Amino acid sequence: MAVPTEVRPEVVHRTADALDGPVDGSLSSFEEFARAGQQRLYRTAYLLSGDPETARDLTQTTLAKLYRHWRRAVTAEHPHAYAKTVLIRTFLAERRRRLRDLLAFSRTGGMAPAPAADHTDLRVTLLAALAELPPRARAMVVLRYWEDLSVASVATLLRCSEATVKSQCSRSLARLRVSLGDAGLHTTGS
């Protein structure tokens with residue numbers, strides 16, 4: 001998995017031109033934050049999207065949004081948590097938009113997307129199984145089990161109740177177990 005090593009300067013400069021730079025003159029603080037945190041953001045974006053290009057785009061979109069609201073983000077108690085929240089909400093908004101577009105396309109007589117091919121590699125198989133989950137459930141599973149966030153933290157990030165997080169994660173894990181079981185993988189009881 002190729003991780004971007006540097007913030008795309010054209011994104012920062014395009015955003016800076018559009019906004020005439022941060023009001024408090026903290027372009028350098030934003031660039032430092034972006035360089036330090038982009039690999040973490042990319043890793044989460046990759047787990048959510050399952051595609052390196054989409055993950056790069058999602059990371060850059062998140063950084064552009066952060067730049068626009070940098071004064072608010074830099075005053076947050078945990079800027080990385082703020083950035084992760086922006087990333088998750090951007091991912092969910094993109095998925096909703098794609099779903100709307102797909103439904104509109106299918107109503108006009110378009111063809112359905114081709115089914116995913118069988119993969120033997122465990123990582124690819126796991127990503128394919130994750131892709132079968134709805135976007136919100138996938139976000140919950142990634143945040144809860146990959147990012148190792150508490151139920152309360154996930155509920156706060158996704159603006160839902162803790163009970164919703166628990167039930168969605170339970171259902172999603174059951175779906176993943178069935179899906180991975182069908183792929184002929186042996187899972188542990190953990």
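**Exercise 1. Take Glu53 in this predicted model and work out its exposure class, then find its salt-bridge partner.**

Step 1. Start with the accessible area: Glu53 has a relative value of 46%, so it is classed as partly exposed. That class spans the range between the 20% limit for buried and the 50% limit for exposed.

Step 2. Now look for a basic side chain. Glu53 pairs with Arg56 in a salt bridge, with an N to O distance of 2.5 Å.

Step 3. Check the partner in the same way. Arg56 has 18% relative accessibility and therefore counts as buried.

Step 4. Place the pair in the fold. Both Glu53 and Arg56 belong to helix 3 (residues 52-68), where three residues, about one turn of the helix, separate them.

**Exercise 2. Find how many salt bridges the whole structure holds, and describe the one formed by Lys84.**

Step 1. Searching the whole structure gives two salt bridges.

Step 2. Lys84 bridges to Glu147, and their closest N and O atoms are 2.8 Å apart.

Step 3. Locate the two ends. Lys84 sits in helix 5 (residues 79-107), while Glu147 is in the loop between helix 7 (135-146) and helix 8 (151-158), so this salt bridge ties together parts 63 residues apart in sequence.

Step 4. Add the exposure of the lysine: with 14% relative accessibility, Lys84 is counted as buried.

**Exercise 3. Decide how many disulfides the model contains, and examine Cys160 and Cys169.**

Step 1. Recall the cut-off: the two cysteine sulfur atoms must be within 2.5 Å.

Step 2. Applying this rule gives zero disulfides. For Cys160, the nearest cysteine sulfur belongs to Cys169 and is 9.0 Å away, and Cys160 is in no disulfide. Cys169 is likewise in no disulfide, its nearest cysteine sulfur being that of Cys160.

Step 3. Compare each cysteine with the limit for buried, under 20% relative accessible area. Cys160, at 19%, counts as buried. Cys169 is buried too, with a relative accessible area of 3%.

**Exercise 4. Summarise the fold and surface of the protein chain.**

Step 1. Count the elements: there are nine helices and zero strands.

Step 2. Turn to burial. The protein chain has 190 residues, and 36% of them count as buried.

Step 3. Consider contacts between residues at least 6 apart in sequence: 68% of these join residues at least 24 apart.

Step 4. Finish with the surface. The chain exposes about 11500 Å², of which carbon and sulfur atoms supply 55%.

Terms used: Residues are numbered from 1 along each chain as its sequence is written. This is a predicted model: local features need pLDDT of at least 70, side-chain atom pairs count only at pLDDT 80 or more; totals for chains, interfaces and linings use all residues. Side-chain values use heavy atoms; hydrogens and water are left out. Buried means under 20% relative accessible area, exposed over 50%, partly exposed in between (1.4 Å probe, protein chains only). A salt bridge is a side-chain nitrogen of Lys or Arg within 4 Å of a carboxyl oxygen of Asp or Glu. Helices (H or I, at least four residues) and strands (E, at least two) are DSSP runs, numbered from the N terminus. Contact means heavy atoms within 4.5 Å. Accessible areas come from the Shrake-Rupley method with a 1.4 Å probe; for residues, only the protein chains shown count as cover.
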